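Me: I would like to go through this model label by label and hear the reasoning behind each one. Could you set the values against the cut-offs as we go?

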Amino acid sequence: MRESIFRREERNYTVPWWLGSQLTDAAMTFESAPPPSIYIVDDDAAFCRSVERLMRSVEMTAISFASGPAFLKAAPDLADGCVILDVRMPGMGGLELQKRLKLIGFRLPIIVMTLKGDMETAVRAMKGGAVDFIEKPFDDEKLLDAINEAMAMETAPVHDRESMEAARRIARLSPRERQVLDKLVAGRLTKQIAYDLSISARTVEVHRARMFARLGTRTPAEAVRLAVLAQLAPVHVGSPATDRPHGVVSRALPK
């Protein structure tokens with residue numbers, strides 16, 4: 001895995017001699033500053049313990065919350081870190097928690113966890129402000145990569161740039177490839193896409209493979225993420241990729 005927030009780089013800095021004494025205290029404070037915390041919001045205690053162990057293994061601090069209300073109560077006091085949020089919890093679900101966090105001005109990046117194939121929820125979560133989504137079950141590497149990217153996304157302009165880049169990449173698709181992508185976002189299966197577009201399933205697979213190659217993605221979930229980011233791009237990008245896909249009604253991921 002590439003260099004990330006989980007490994008601190010060591011650098012040698014040279015400062016003017018007359019600043020040395022003034023910088024000593026500040027430097028010591030910086031060196032002793034703890035790494036940002038990872039906040040896990042999930043009612044699955046075993047899952048939380050597993051993620052906590054993973055975070056400890058990369059020298060990160062993880063704090064678990066068993067419910068949306070518990071995290072909402074603590075949220076105003078959290079100044080740094082990243083949130084891993086499960087959308088399916090009893091009582092207050094992840095999407096509702098997102099809405100309430102937005103109302104109180106919560107600014108930490110949120111990664112939403114969805115069930116595999118639940119594209120509708122993933123799309124809604126990202127439109128609601130989540131910086132990314134990952135599908136359960138997932139491996140450690142995928143989770144660490146998602147956290148690393150979320151922590152690097154410090155400001156809204158960074159997210160805007162990522163959205164604009166997604167829009168540009170999707171603009172490279174042919175009209176048919178774009179149709180296939182829109183159907184993927186809607187959660188349609190290969191046979192359903194073939195029926196909708198009046199083409200064979202084999203032809204759908206060919207267009208999908210070409211679409212993946214143009215986008216630089218390997219899975220339907222990665223392509224869907226780009227499509228959602230493109231929808232969030234500033235209007236002035238002026239690309240057809242910013243058009244909203246139609247018919248987001250199904251939750252099945254194509255096979």
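Reply: What follows is a set of questions and answers on a predicted model, moving from the strands to the cores and then to single loop residues.

Me: What makes strand β3 count as largely enclosed by the rest of the structure?

Reply: Buried means under 20% relative accessible area, and six of the six residues of β3 (residues 81-86) are buried, so the strand is largely enclosed by the rest of the structure. Both directions are covered, since G81, V83 and L85 point one way from β3 while C82, I84 and D86 point the other way, and all are buried. In general, the side chains of a regular strand alternate between the two faces of the sheet.

Me: Why is strand β4 described as largely enclosed?

Reply: For β4, which spans residues 110-115, five of the six residues are buried, so this strand too is largely enclosed by the rest of the structure.

Me: How do you know that β3 and β4 are paired, and which residues show it?

Reply: Two strands pair if there are at least two bridges between them, and four bridges join β3 to β4, which run parallel; because four satisfies a minimum of two, they count as paired. Within this pairing, I84 has I111 of β4 as its bridge partner, and D86 stands opposite M113 in β4.

Me: What joins these strands to β1 and β5?

Reply: Strand β1 (residues 37-41) is joined to β3 by five bridges and runs parallel to it, with S37 partnered by G81. On β4, strand β5 (residues 132-136) pairs in the parallel sense over five bridges, and there M113 has I134 as its bridge partner.

Me: What makes the unit of β3, helix α4 and β4 right-handed?

Reply: A crossover is given that name if, with the strands pointing away from the viewer, the path from the first strand over the helix to the second runs clockwise; β3, helix α4 (residues 94-103) and β4 make a right-handed β-α-β unit.

Me: Which residues have the most contacts inside the largest nonpolar core, and which helix gives the most to it?

Reply: The largest nonpolar core has 29 residues, and those with the most contacts inside it are F133, I170, L181, M211, L215 and V224. Helices α5, α7, α8, α9, α10 and α11 each supply at least two residues of this core, and α11 gives the most, with eight. V224 touches M119, V123, F133, L184 and V185, leaving aside residues up to four places away in sequence. Apart from this core lies another, of 24 residues, among them L54, M60, V131 and M151. In soluble globular proteins, nonpolar side chains tend to be buried together.

Me: Why is T217 called buried or exposed?

Reply: T217 has a relative accessible area of 10%, which is under the 20% cut-off, so T217 is buried. T217 sits in the loop between α10 and α11, and its contacts, not counting residues up to four places away in sequence, are F212, E222, A223 and L226.

Me: How do you know whether E59 and S198 are buried or exposed?

Reply: Exposed means over 50%; E59 has a relative accessible area of 65% and S198 is at 68%, so each counts as exposed. E59 lies in the loop between α2 and β2, and S198 in the loop between α9 and α10. Phi is near 60° in E59, a positive value in a residue other than glycine, and phi of S198 is also near 60°.

Me: What is the peptide bond from K136 to P137 called?

Reply: That bond is cis, with omega near -5°, and P137 lies in the loop between β5 and α6.

Definitions and conventions: Residues are numbered from 1 along each chain as its sequence is written. This is a predicted model: local features need pLDDT of at least 70, side-chain atom pairs count only at pLDDT 80 or more; totals for chains, interfaces and linings use all residues. Side-chain values use heavy atoms; hydrogens and water are left out. Buried means under 20% relative accessible area, exposed over 50%, partly exposed in between (1.4 Å probe, protein chains only). Contact means heavy atoms within 4.5 Å. A nonpolar core is a set of buried Ala, Val, Leu, Ile, Met, Phe, Trp, Tyr and Cys residues joined through side-chain atoms within 4.5 Å.
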